[in-house]
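Me: I've got this model open and I'd like a close look at one part of it. Could you pick a helix and walk me through how it sits among its neighbours, then point out a few local details elsewhere?

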Amino acid sequence: MKAFEANFDGLVGPTHNYSGLSFGNVASQNNQANVSNPKLAALQGLAKMKALHDMGMVQGVLAPQERPDIFTLRRLGFTGSDTEVLAAAAKDAPRILAACCSASSMWTANAATVSPSADTADGKVHFTPANLTNKFHRSIEHETTGRILQATFSDEKHFAHHPALPGVEHFGDEGAANHTRFCHEYGEAGVEFFVYGRAAFDGSRPAPQKYPARHTLEASEAVARNHGLSDKGVVYAQQNPDVIDEGVFHNDVIAVGNRDILFCHERAFLDQSAVKQELTEAMGGRFRVVEVPASQVSVQDAVQSYLFNSQLLSLPDGRTLLVIPEECRNNERVWSYLTELESGDGPIDALQVFDLKQSMSNGGGPACLRLRVAMNEAELAAFNQSTRMNDTLYSTLNDWVERHYRDRLLEADLADPQLLIESRSALDELTQILNLGSVYPFQRV
């Protein structure tokens, strides 16, 4: 049976703002307190989704989460009406309020780890929402993420859903931002590549010193067990701790893969030669590595441009496309390398540049915005078709954004009760557009 790789992009939420919440993410920290444009952010994301659909790719949409998160604020002791909760949080704990208003669920690379049915023992597609324990504003996402995924992939004949791992640092899980699946054909058994920042139960192993290693080896091993993956179909690798300290907070900031291609920086992994050898052997010797030398593109260039936070796609005509942000074109060294890459005889055939500045300013590029789900024809027919991008959905969602989103937002605006009303009104309508049902569990007072 034929199989495809679908990309499910996160819709940017109405509270998209720059609060600088992500320590270790250079762009997030550098743009703190800047004015954001939620409407433009959502429209930029939709434009990318539509463009990939037009190229013949299977493209889906994942809904944003309800923000401000009044439920969490109540758990933290803020009481009264919703308006009173917002006012009290703004007065007594503005950084907590900012965290509870984050639109970070837009970066669905962190939503979950997905294992296709060709890899799993029971022949189903498996989903595990990431617990994202390292950052408070993201750790409050996984329950709703699980509901959205279950509403999108609801057929129990084809899809299996797991709860997030225990929410402690020993099992810190950042989802698909640290997971890549290699294969020769999407419908064949592949090799699932789990990248971690540190080993939680082995203090003798190297670890970064400046910025946190958000993802643990133990989390990756637990997900592999829960998904029923065979040992021969799994490779674990540690991220280079030195590059984490240079701002590479996820593997997808320094490496990206698809089919039998790994595109990475030469400093991406600890003991990189051994990692490449293990992947090559697991892939039966048929494996291609495009390794970018530091002499041409430094780690700083990679972080600034998000060269590796790109989408590596197999187009229907057989070509391999690299989807990159506009920032790559604005970096002279990166663009020089890419121009040489595109004209060469390597496995990457073409480039596609997108303007995603609103997301990029918060530290999220093309790869951050999408969750990859490989599915065969039966599974493709079984997922919620209301979430599949097409001309009609694109037009509907653009109109929805234009009607519900602001074009200017500052951190000081997050306590505005009207923003909460606008966000809820937008999401109530969106659940009907995407046929999601009741995925937002927050109590409304």
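Reply: Here is a look at helix α4, followed by a helix pair and some loop details. Keep in mind that this is a predicted model.

Let's start with α4 itself, which covers residues 82–92. Its buried residues are Asp82, Val85, Leu86 and Ala89. Looking down the axis of α4, you'll find these buried residues within an arc of 95°, so they line one face of the helix. That spacing fits the usual geometry: an α-helix has 3.6 residues a turn, so residues three or four places apart point the same way. Swing round to the other side of α4 and you get Lys91 and Asp92, both exposed. As for what covers the buried residues, the list includes α3 (70–75), α5 (94–99) and α17 (417–433).

One of those covering helices, α3, leads to a backbone detail. The loop between β2 (58–62) and α3 holds Pro68, and the peptide bond joining Arg67 to Pro68 is cis, with omega about 0°.

For helix against helix, try α2 (residues 38–54) and α16 (residues 391–404). Their axes come within 10 Å and cross at roughly 175°. That crossing angle makes α2 roughly antiparallel to α16. On the α2 side, the residues that meet α16 include Leu43, Leu46 and Ala47, and among their counterparts in α16 are Tyr394, Leu397 and Val401. Charged side chains are on the list too, including Lys39 and Lys50 from α2 and Asp391 and Glu402 from α16.

Now for the loops. Arg259 sits between β9 (255–258) and β10 (261–265), and its phi is near 50°, a positive value in a residue other than glycine. With a relative accessible area of 21%, Arg259 is partly exposed. Arg259 also lies over the face of Tyr186, 5.1 Å from the ring centre. On the far end of β10, in the loop that runs to α10 (272–282), is Asp271; this non-glycine residue also has a positive phi, about 55°.

His170 is another loop residue to click on, between β5 (159–161) and β6 (179–182). His170 counts as partly exposed, at 30% relative accessibility. Leaving out residues up to four places away in sequence, His170 touches Ala200, Phe201, Thr216, Glu218 and Ala219. Take Ala219: 49 residues separate it from His170 in sequence, yet their C-alpha atoms are 7.5 Å apart.

Last stop, the aromatics. The structure holds 13 aromatic pairs, and ring pairs link Phe8, Phe127, Phe153, Phe159 and Phe383 into a cluster.

Conventions. Residues numbered from 1 in each chain as written. Predicted model: local features only at pLDDT ≥ 70, side-chain atom pairs only at ≥ 80, totals over all residues. Heavy atoms only, no water. Buried < 20%, exposed > 50% of the residue type's maximum accessible area, 1.4 Å probe, protein only. Helix = DSSP H or I, 4+ residues; strand = E, 2+ residues; numbered from the N terminus. Arc of directions from axis to C-beta. Contact = heavy atoms within 4.5 Å. Phe/Tyr/Trp six-rings, centres within 6.5 Å; stacked < 30°, edge-to-face > 60°. Lys NZ or Arg CZ within 6 Å of the ring centre and 35° of its normal. Axes fitted to C-alpha atoms, helices over the stretch in contact; angles between N-to-C directions. Parallel < 35°, antiparallel > 145°, perpendicular 65-115°, else oblique.
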